[in-house]
Amino acid sequence: MNSEFTIAVHSLVYLAYLPERMASSDMIADNVGTHSARVRKVLSALRKAGYVETREGAGGGYRLTIDPNAVTLGDIYRVMSQGSLMPGWCSGDPSMDCVVGSNMKEVMNGIFCTAEKQLENHFRGITIQDVLAQIQACDSK
């Protein structure tokens, strides 16, 4: 899992919290706790996927274009992080003369694919609005 997923979810929840206002990348970055360039990179991907729109100039920024009750963390995971559970390198070599070494990569790929499907299924049950509601419940404690 990469940090872009977390930045994406945080940004979308923040925008859902401000439904009638635009938020600049500086405002979002301050809320997320990261540099505005990272936020702009993530929001660019979210804009291409249709989750936010942008407006240039004074009073501009980003605005949510989706229903927070309809978009799930699974949707965001697919845009930002799909395939990120798979390590860049896996041990073994299919040409080895050892049953362990020659089959490890294939078996581990299957394990990671199954894990990613389970993660996506879990995320599919959580909407942006659900995350906002959990955050608002923390505030009322």
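Mentor: Rings of Phe, Tyr and Trp count as a pair if their centres lie within 6.5 Å. Keep that in mind as we look at this predicted model.

Trainee: Thanks! Which residues form one aromatic cluster?

Mentor: Start with the search of the whole structure, which finds 3 aromatic pairs. One of them joins F5 and Y77, with 5.9 Å from centre to centre. The cluster is made up of F5, Y77 and F123.

Trainee: What is the geometry of the F5 and Y77 pair, stacked or edge-to-face?

Mentor: Planes over 60 degrees apart count as edge-to-face. The F5 and Y77 planes are at 75° to each other, so the pair is edge-to-face.

Trainee: How many residues apart are F5 and Y77?

Mentor: F5 sits in helix 1, while Y77 belongs to helix 4 (residues 73–80). Both residues are buried. The pair links distant parts of the chain, 72 residues apart.

Trainee: Is S11 buried or exposed?

Mentor: S11 lies in helix 1 (residues 3–17). Its contacts beyond four places in sequence are I28, V32 and L43. Because its relative accessibility is 0%, S11 counts as buried.

Trainee: Which residue has its backbone oxygen 2.8 Å from a polar atom of the S11 side chain?

Mentor: Here we look for a backbone partner of the S11 side chain. The backbone oxygen at that distance of 2.8 Å belongs to I7.

Trainee: And which residue stands opposite E53?

Mentor: Strand 1 (residues 52–55) and strand 2 (residues 61–64) pair in the antiparallel sense over 4 bridges. They form a hairpin with 5 residues between them, and G57 in the turn has a positive phi of about 85°. Opposite E53, in strand 2, stands R63.

Definitions and conventions:
Residues numbered from 1 in each chain as written. Predicted model: local features only at pLDDT ≥ 70, side-chain atom pairs only at ≥ 80, totals over all residues. Heavy atoms only, no water. Pairing = 2+ DSSP bridges. Helix = DSSP H or I, 4+ residues; strand = E, 2+ residues; numbered from the N terminus. Buried < 20%, exposed > 50% of the residue type's maximum accessible area, 1.4 Å probe, protein only. Polar contact = N/O pair within 3.5 Å; in protein donor to acceptor, adjacent residues only side chain to side chain. Contact = heavy atoms within 4.5 Å. Phe/Tyr/Trp six-rings, centres within 6.5 Å; stacked < 30°, edge-to-face > 60°.
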